[in-house]
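Reader: I've got a protein model open and I'm lost. Could you show me how to read it, one feature at a time?

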Amino acid sequence: MNAGVTHDVDAVFRAVVAARERGEEAILVTVVEKEGSGPAEPGAKMLVAADGRTAGTVGGGALELLATRRALGLLAEQSSAFLRYALGDGDAVEGDEPTGMLCGGRAALFFEYLGQPLRVYLYGAGHVGRALARTLAPLGAYVTAIDPRPEALTQVPEARRTVAGDYVDALADAGVRPGGFHVIATPGHASDYQVLRALLTGDLAPRYVALVASRGKAASLLARLREEAGDMDTSALYTPAGLDLGGSSPAAIALSIAAEIQAVYHGKRTHAHLRDRQPS
């Protein structure tokens, strides 16, 4: 690897770390093979962000343009790929992507999807929210903690991101993605209701919504929501939240919710959820 490639790779690695810290998805493109005299050097890397920004290079020209376009398509699919490109008209073999280049040879590129598949949004930085952030941290979740009290957010150091502001406004300000995992544990019934309404009646298509509440409170909030908003899909709603593990301390509640998130995320359907338990 020449000095120029080494310099570019260093910049790419810094960009990867920055993207991970911001919770952004990206595609890391790496030149893994080269035949002939084309510009792509094995080991060269380029990071492609969702908005089309790039860091590093895989050789420039038509190859880089095509690689960037393919990376953006793979980002939309949230998938990786291995592709070979022909760098000259007479060099292509079956399956190669043409580039229209004249330098000759072939290049193989690996497109690696770098995503944040498990995104958890915590509404409320109280005892349960803090305990849940601690429990989720070693599981690889990208946790966003939302609370209008800046002083409360300082007590959630495990959150990868914090948003100080109105809970519902944060649904737009925090860049909430469809398919996210949401845990509602605000300090009051009114704010719980507002977040619940926004999640179940909006277009965010959450995969999981946990409402930390007693069975009676949950029934009351849902009855009000149906009266005001009509019928809605509540299949993603888990309340009372968590698996039926026992315990009532914030740490125990956090453990049961984290376990439920894992079960839903991995498609495990045989566990005992509190929402399915019959009242005693």
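**Reading the sheet first**

Author: Let's start with the sheet. Six strands make an open sheet, with parallel pairing, in the order E9-E8-E7-E10-E11-E12. Strand E9 (161–164) and E12 are at the edges with a single partner strand each, so one side of each has no neighbour in the sheet. Keep in mind that this is a predicted model.

Reader: How many helices and strands does the protein chain have?

Author: The protein chain has eight helices and 12 strands. It is 280 residues long, and 46% of them count as buried.

Reader: How do I see that two strands are paired?

Author: Look for the bridges between them. E7 and E8, for instance, pair in the parallel sense over five bridges, and in that pairing Val 120 stands opposite Val 143 in E8. Four bridges join E10 to E11, again running parallel, and Ile 184 has Leu 211 in E11 as its bridge partner.

Reader: Which way do the residues of strand E11 point?

Author: They split between two directions. In E11 (residues 208–211), Tyr 208 and Ala 210 point one way, Val 209 and Leu 211 point the other way, and all are buried.

Reader: Is helix H3 enclosed or exposed?

Author: To judge a helix, go through its residues and ask which are buried, meaning under 20% relative accessible area. For H3 (residues 127–136), seven of the 10 residues pass that test, so the helix is largely enclosed by the rest of the structure. The buried ones are Val 128, Gly 129, Arg 130, Ala 131, Leu 132, Ala 133 and Leu 136.

Reader: What do the buried residues of H3 pack against?

Author: They pack against strand E7 (119–123), strand E8 (142–147), strand E10 (181–184) and H8. Three of those names should ring a bell from the sheet order, where E8, E7 and E10 appear.

Reader: Loops look messy to me. Where does Thr 239 sit?

Author: With a loop residue, find what comes before and after, then what it touches. Thr 239 is in the loop between strand E12 (237–238) and helix H8 (250–265). Thr 239 counts as buried because its relative accessible area is 11%. Its side chain reaches the backbone oxygen of Leu 211 at 2.9 Å. Setting aside neighbours within four places in sequence, Thr 239 is in contact with Leu 211, Ala 213, Ala 218 and Arg 275.

Reader: And what is Gly 59 in contact with, leaving aside its neighbours within four places in sequence?

Author: Gly 59 is in contact with Pro 39, Ala 40 and Glu 64. You'll find Gly 59 in the loop between strand E3 (54–56) and helix H2 (61–77), and at 31% relative accessibility it counts as partly exposed. Its C-alpha atom is 7.1 Å from that of Glu 41, though the two residues are 18 apart along the chain.

Reader: How many salt bridges does the count come to?

Author: The count comes to 11 salt bridges. When you find one, check where each partner sits and how far apart the two are in sequence. Take Asp 192 and Lys 217, whose closest N and O atoms are 2.5 Å apart. Asp 192 is in helix H6 (residues 189–201) and Lys 217 in helix H7 (residues 215–229), so this pair ties together parts that are 25 residues apart in sequence. Asp 192 is buried at 0% relative accessible area, and Lys 217 also counts as buried, at 15%.

Reader: Which residues are linked in a network of salt bridges?

Author: Arg 22, Glu 24, Asp 51 and Arg 53 are. Within that network, the side chains of Arg 53 and Glu 24 meet at 3.8 Å, N to O. Arg 53 is in the loop between strand E2 (45–49) and E3, while Glu 24 is in the loop between helix H1 (3–22) and E1, so the pair ties together parts that are 29 residues apart in sequence. Arg 53 counts as partly exposed at 45%, and so does Glu 24 at 24%.

Reader: Last one: which residues make the nonpolar surface patch?

Author: Val 32, Phe 82 and Phe 110 make the patch, which covers about 250 Å². Val 32 has its place in strand E1 (residues 26–35), and with a relative accessible area of 39% it is partly exposed. For the whole protein chain, the exposed area is about 13400 Å², with carbon and sulfur atoms supplying 52% of it.

Notes
Residues numbered from 1 in each chain as written. Predicted model: local features only at pLDDT ≥ 70, side-chain atom pairs only at ≥ 80, totals over all residues. Heavy atoms only, no water. Buried < 20%, exposed > 50% of the residue type's maximum accessible area, 1.4 Å probe, protein only. Areas by Shrake-Rupley, 256 points an atom, 1.4 Å probe, with all protein chains shown as cover. Polar contact = N/O pair within 3.5 Å; in protein donor to acceptor, adjacent residues only side chain to side chain. Contact = heavy atoms within 4.5 Å. Patch = residues over 30% accessible without salt bridge, like charges linked within 9 Å, V, L, I, M, F, W, Y side chains within 5 Å. Salt bridge = Lys/Arg side-chain N within 4 Å of Asp/Glu carboxyl O. Pairing = 2+ DSSP bridges.
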